[in-house]
Protein chains: 2
Amino acid sequence: MKKIIVIGGGAAGAKAASKAKRLNPDNLIELYTNEDIIAFSLCGLPYYIEGSVSDVNKLIVRTPEDFKKNGINVFTNHTLEKIIPEENCVIINNNHIFYDQLILALGAKVHIPKIKNIKANNVYTLRSIASGVEIRNKMLKSKKVLIIGGGYISIELTEAFIKNGLEVVIIEKNEHLASDFDYDFADRIHKIIMEKSGQNCQILYSTQVVEFKKDENNNFISAITDKNEEIEADFVVLSTGAYPNVAIAASAGIHLGLSGAIKVDNRMRTNFNHIFAVGDCAEKYCKITRQADYIGLGTIANKEGRVAAINAVRPDIPESFDGILGSTITRFFDYTISKTGLSYKKAEQLSNIIDLEPIEATVLKSDRASYMPNASEFAIKLTADKRSGEILGGQAIGKIGTVAQRINTITSILQSRQTIEDILHLDLPYAPPFSGSIDPILTAAYKLKELSKK
Amino acid sequence: MKKIIVIGGGAAGAKAASKAKRLNPDNLIELYTNEDIIAFSLCGLPYYIEGSVSDVNKLIVRTPEDFKKNGINVFTNHTLEKIIPEENCVIINNNHIFYDQLILALGAKVHIPKIKNIKANNVYTLRSIASGVEIRNKMLKSKKVLIIGGGYISIELTEAFIKNGLEVVIIEKNEHLASDFDYDFADRIHKIIMEKSGQNCQILYSTQVVEFKKDENNNFISAITDKNEEIEADFVVLSTGAYPNVAIAASAGIHLGLSGAIKVDNRMRTNFNHIFAVGDCAEKYCKITRQADYIGLGTIANKEGRVAAINAVRPDIPESFDGILGSTITRFFDYTISKTGLSYKKAEQLSNIIDLEPIEATVLKSDRASYMPNASEFAIKLTADKRSGEILGGQAIGKIGTVAQRINTITSILQSRQTIEDILHLDLPYAPPFSGSIDPILTAAYKLKELSKK
């Protein structure tokens, strides 16, 4: 019998604990979290706030009781204080607890921007069930919201707030939203936000908030920008990204990678025997660039939790996690926004470090045979390396269905490092409700082929 | 200047002619067809019959006049009578016409089953714009239709007829519909037809029609089956497959392959210099089995037309067509039915010939996060080879969006011959409206991995 301790109850920790138990029911599994809820879907919160998920408890995949039924001991509201790798020991709520294997699923922390009076009331971040409930309750009593940051969560919350009749102001410090996309695609995202929000959404670019004004009860009144604009709102959501929660790990001598997250190998092992790191606290490896990377996503956390559990419990059948592609997707009303791999911009930046000569091809095409009802144009971009012909990434924006169909396909093109030539005749299924007879991925590949000859 | 003759005005011929002209505008391009319309979308006809495409002319991608504007001479109602490869000559409408390069896009012919009085009035096949218009007009005056055959066109027409208030009887000679699918998936197709058609569709399996009864004006009255049942209907649609139109080519000494279609190499060349064959008259090469195959699909025709044109016009920059995967898709009301590669059944058959040990994994899963509104279960199956781990095919049935997203992804997995191990951690993008946090493709891969250990 081994004792396996998992710290953290997010997607990675919950998966690691469950998998470790399933692999060997004799193992003693203890999961510690400083929160009171585990295994909930963070990604589902915008849909709860919107109102399309009626009960926030639906987002809880499994309760601590469910885990206990499966023989996993869950300790909520328990805080990790110290890791002593040399003694195979952690200190939690002042108690020394010894382990055979330790899986760290410490998650991420919200990046709090430097704004005067940031701790005013009615300033929210979205990281927990409780914060989701607070934001929804506040929204229901409000007319206007200020969102700071312009990433996916910001876009998802904008939909939720617009659907609930609020006026939305987004403040983005960069010149474009959605920094993972090329500027032309960020412009498309801007356009669909404007199309769907009508007069109810305003986006201020290249702008930073420097101060929150508040009343005598510490309640937020307005935001003052670096351009000396004052923006009143009923409440604020900070959607300014997150960073890996690594302080305790680092102070125990666990190595961090270039990204600032915990450095792990392909089996999710840290530099200490018997200590694994998974999910948002762990560094990622990008398969395309072959470099360290960082992104916090539930789907990756899940895979890493599974792999770490196998390697912790069954080192005799080691499992390897081969890395990420950088695939993301979100919905905005009836639109889908998705990407995988490298944008042209990112590939250009990388060409200073590694040997890349990026080319790109954008195709605007009907999402089904043009004679079909409800046909609508969508945009897809492929990036490739001119010399090797390797496909490096894809971006797409269009109506629901269309986009996931293409970006998911491109992920498996990237996975196997296929080239322009490899995909030129890809035998995608065709029928008029699903595409034109030449899929836009192929049209983009034809264009790339022409470009690669120049 | 070269003279390039294209015979046939379907997808393959139209594409070949256009591409040949674009590659070198100095070429003289002549396209001959025995029909009066070219370059129309055969696949769009069911949606015209249904009424969702309002004007049948929308299905015409380009008219002969459009081609003429681009410098391509189109001769409609011109019938190929003979090919004399030794003289680089064809006889069309009694005239000898000489060519530098000949591209045969002769298409397919409807397979007419052996039924007594098959030539009765009100018995239709769907191969042309005119037949689509006739069927729609007849449907609008009718209450009941008999469809013989249970493939995709039959399924698409069933939707069209049900939506227009008709009663439908499908007669299928095999025990299951949709022979490209495994029986369990064919059963799912049966179920969704029943679900959507209510009492208005009846499917008779293992049944063949032996005779049509007709009245004194040669009008169809009823069908008599091999079980001596009599089925009355207002009209009949034969949806009994098609076979390559090769008689004239074969009599000229052009080699046919094992499939009965014209044998071509990877540049779409026949056994004669200067003669290419493309589209539904040409044999296919299946990339998975590495064997000759036959399937008539517009999307493949398009690719082959393009490749033949390049090789005919610019042999200095040869282009290769690397074959097909056998990907198909269709819609039935709000369901999508799709497959790519080999079914388990097909892989089992092949295991008698080539070294395959097929395994399969079916996953039933919500098409989005289960807490999202309108979540619905869909079914996906992956087949793989136990020894090599190579993924051999996929089948899926579910609501619109869901299915194309997965099967398109599997095509590119097949294209690069990825294994179970390769796709175990495929970084598909995730958000609650598009999938659960573990995509069903990955769940199927996990299952296959377990099976491959046994």
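Which residue is the bridge partner of I147(A) in strand 11 of chain A? In this predicted model, where local features need pLDDT of at least 70, side-chain atom pairs count only at pLDDT 80 or more and totals for chains, interfaces and linings use all residues, that partner is I170(A). Residues are numbered from 1 along each chain as its sequence is written, chains are lettered from A in the order in which they are written, and side-chain values use heavy atoms, leaving out hydrogens and water.

Strand 10 (residues 144-148) of chain A pairs with strand 11 of chain A in the parallel sense over five bridges; strands are DSSP runs of E with at least two residues, helices are runs of H or I with at least four, both numbered from the N terminus, and pairing takes at least two DSSP bridges. Between these two strands the chain passes through helix 5 (residues 152-163) of chain A in a right-handed β-α-β crossover, that is, clockwise from the first strand over the helix to the second with the strands pointing away from the viewer.

On to strand 12 (residues 201-204) of chain A, which runs parallel to strand 11 of chain A and is joined to it by four bridges. Here I171(A) stands opposite L204(A). The connection from strand 11 to strand 12 of chain A goes through helix 6 (residues 183-197) of chain A, and this β-α-β crossover is also right-handed. Four of the five residues of strand 11 (residues 167-171) of chain A are buried, so this strand is largely enclosed by the rest of the structure; buried means under 20% relative accessible area with a 1.4 Å probe, protein chains only.

Note on methods:
Buried means under 20% relative accessible area, exposed over 50%, partly exposed in between (1.4 Å probe, protein chains only).
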